[in-house]
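Q: I should like to learn how to read strand pairing, burial and surface patches in a model. May we work through them in turn?

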Amino acid sequence: MQGVKVLGGVVGAAALLGLGIILGHFAIPKGADSPAPSISASQDLDLGILETVMGQLDASRIRENLRELSREPHLSSTPRDEELVQLLLQRWRDAESGLDSAETFEYEVLLSLPSQEQPNSVTIVDPTGNILFSCRRSEENVTGEQEGPDVVPPYAAYAPPGTPQAVNAAKHGVAGVLVYTDPSDINDGQSSPSQTFPYSWGLPPSGVERGSYLEYFGDPLTPYLPANPSSFRLDPANASGFPPIPAQPIGFEDAKVLLCNLQGASAPETWQGALGCEYRLGPGFRSDGNFSADSQVNVSVHNRLELRNSSNVLGIIRGAVEPDRYVLYGNHRDSWVHGAVDPSSGTAVLLEVTRALGTLLKKGTWRPRRSVIFGSWGAEEFGLIGSTEFTEEFFSKLQERTVAYINVDISVFANVSLRAQGTPPIQSVVFTAAKQIPAPGRSSLSIYDNWIQYSNRSSPVYGLVPSLGTLGAGSDYAPFIHFLGISSMDLAYTYDRSKTSARIYPTYHTAFDTFGYVDNFVDPGFSSHQAVSRVVGNVLLRLSDSLFLPLNVSDYSETLRSFLQAAQQDLGALLEQHSISLGPLVAAVDKFEGAAAALDERISELQKGTPDPLQVRMLNDQLMLLERSFLNSRAFPEERYYSHVLWAPRTGSVATFPGLANACSAAMNTAPGSAAWAEVQRQLSIVVAAVEAAAATLRPVADL
């Protein structure tokens, strides 16, 4: 979520035991069992239970959850963060609506915090050091919630301390960076009082977006290792991923004073914004402006690195038939300030979904086929730390047993339409769920029908369908898809992109992201929160309870074919010039399409009769493990945790396999036979091997 302007298989219970397949670390003691309906190896999704859950998910309860979660600031590792840990434990251990078990996992992680004794500052001084102007150190206290000892002042986490002095980078080199959010990015250029909070949803001019500037995700000192007390830690001085120079965020009202007084050449058109002046590059201030030409900008950053304890909270419902297969659903808990939208809107939905499911569990009317694990991750805002440490600690177990990961971070950006991101196999289950739930405010339409009106694409297989976005690294799904290769999704309600240029909701990561902001402007009535809870609950039950996993692997065929066609069209001629053939990739994609179609036929045949539970189990494992086939831990040695050869970061301009696109972009202007062209060949071979491995995963298990 970046975008700122810068200055400068199934078996019965007995057979499971016989096979030695157990829940392992996440096992629940028998004494903790709730009453359960009779268990059958052929247990399938109960549509009556599904309908009951849909009816129990209550908007008013979600609203009250959000009120409590966002009542006070809860930066990671603070006392209020720990209070919310206890709140989650209390809810998930409740006798009437709790889960089978709930526990915490604590990690010792490196956080970056501003100094309380030496606040960060940005000033303009004259040649003698007299202060001519000071940027605000806190946001305007418009509701009584923007000040107080628990409101962390604006800062750039992990930016190093320092006191650079300069007017701009052209004259002095980059000594420090000031960051601000332009009103054109979040307010559609509007910033009058009547258009900003607390009178509307726009960001007040004093609003400052906090954030982490760490390059990688996970604890900075324990890459690939859980941040347990016994783990080896890097020396912070030798750890990578930290910004090299001081940085400090400011509000756009202060940025206007700086930018609108600069002289020099006009900034590029794409750099211009909505501050009411022409943005210039400097050096120096205008002679007819507010400051003398020889005035200086002083930036003082006093951030410090500190080891802190941060907890994940896990709640578990043990599966009745396949307890060793996990459906994961999570969100982070920590926020920069009150965090009503980010992340508490997601946690408010999470708590309501677990309440509805827990109530049925405790009554003995339902237990899922597969185990469901709910996660409340710590320290996400600092770099997806809690979720990454979880995947590091339980790497093998999660890779072997996890069916899918559902992420709901910000559940409601705005109240217009569903937004879903994910890997291709989850598309069909999200579509199915969305078709069965009425759209808030538009009861004549389903969420699916409403969604397709606002965001759609033309599929060569299905025709016009809603657009499913891809997963980057903006939330806790990142380690699950990129590191573990688990089919993942991120669900939310969002705005009409045709009516706003906002990159995200206006008060993102500011002290104005409060309960009142959500209650009055983002989702009055909480009908969109309720809609998200219903989509999540529906998807979750289908994944946890369906006899056959609702993962459509054939939807990967469309993605692979699209990537292949882009490579042929935009890179084919260039590759031929260097005697590099796409023929093996064409053959690999053909193999995958054939294997996926054959597996679909096999599923259809089994669904017509009474399939042997072990056959279903084996087939489901093929569906579950497909995503892992696309992992190659050595494909991107310069990237940390990125192993998925289809969804790694793409810097090349061609919308194809990222490793191939990036390598071609780097080799474009190098000589034939260079190391860069050798890397192109290596990346092509990596993709071919991955696609062939995926095809092999889908073929009958007795075949190689």
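A: Let us begin with a pair of strands, bearing in mind that this is a predicted model. Strand S3 (residues 121-125) pairs with S4 in the antiparallel sense, over three bridges. Within this pair, Ile124 lies opposite Phe133 in S4.

Q: In what order do the strands of the open sheet run, and which strands form its edges?

A: Pairing is followed from strand to neighbouring strand. Here the open sheet has four strands in the order S4-S3-S10-S6, and the pairing is antiparallel. Its edge strands are S4 (131-134) and S6 (165-166), each of which pairs on one side only.

Q: With which strand does S15 pair in the antiparallel sense, and with which in the parallel sense?

A: Each partner should be read separately, with its direction and its bridges. S15 runs antiparallel to strand S21 (residues 488-494), to which six bridges join it; in this pairing Leu418 stands opposite Tyr493. With strand S20 (residues 468-469), S15 pairs in the parallel sense over two bridges, and there Ala420 faces Leu468.

Q: Why is strand S15 described as largely enclosed by the rest of the structure?

A: The reasoning rests on burial, which means under 20% relative accessible area. Strand S15 spans residues 417-422, and five of its six residues are buried, so the rest of the structure largely encloses it.

Q: Is Leu484 buried or exposed, and where is it found?

A: Position and accessibility are read together. Leu484 belongs to the loop between helix H13 (477-483) and S21. Its relative accessible area is 0%, and Leu484 is therefore buried. The C-alpha atoms of Leu484 and Thr391 are 7.5 Å apart, although 93 residues separate the two along the chain.

Q: How should a charged residue such as Asp545 be read: is it buried or exposed?

A: For such a residue one examines both charged and polar partners. Asp545 is in helix H15 (residues 527-545). Asp545 is buried but has no salt bridge, and the nearest side chain of opposite charge, that of Arg370, is 6.4 Å away. The side chain of Asp545 does make a polar contact of 2.8 Å with that of Trp366.

Q: Finally, which residues form the nonpolar patch on the surface?

A: A patch is read from its members and their accessible area. Leu614, Met618 and Val701 form this one, and together they have about 250 Å² of accessible area. Leu614 is located in helix H18 (residues 613-625). Its relative accessibility is 40%, so Leu614 counts as partly exposed, a class that lies between under 20% and over 50%.

How values were computed
Residues numbered from 1 in each chain as written. Predicted model: local features only at pLDDT ≥ 70, side-chain atom pairs only at ≥ 80, totals over all residues. Heavy atoms only, no water. Buried < 20%, exposed > 50% of the residue type's maximum accessible area, 1.4 Å probe, protein only. Pairing = 2+ DSSP bridges. Patch = residues over 30% accessible without salt bridge, like charges linked within 9 Å, V, L, I, M, F, W, Y side chains within 5 Å. Areas by Shrake-Rupley, 256 points an atom, 1.4 Å probe, with all protein chains shown as cover. Salt bridge = Lys/Arg side-chain N within 4 Å of Asp/Glu carboxyl O. Lys, Arg positive; Asp, Glu negative; His and termini not counted. Polar contact = N/O pair within 3.5 Å; in protein donor to acceptor, adjacent residues only side chain to side chain.
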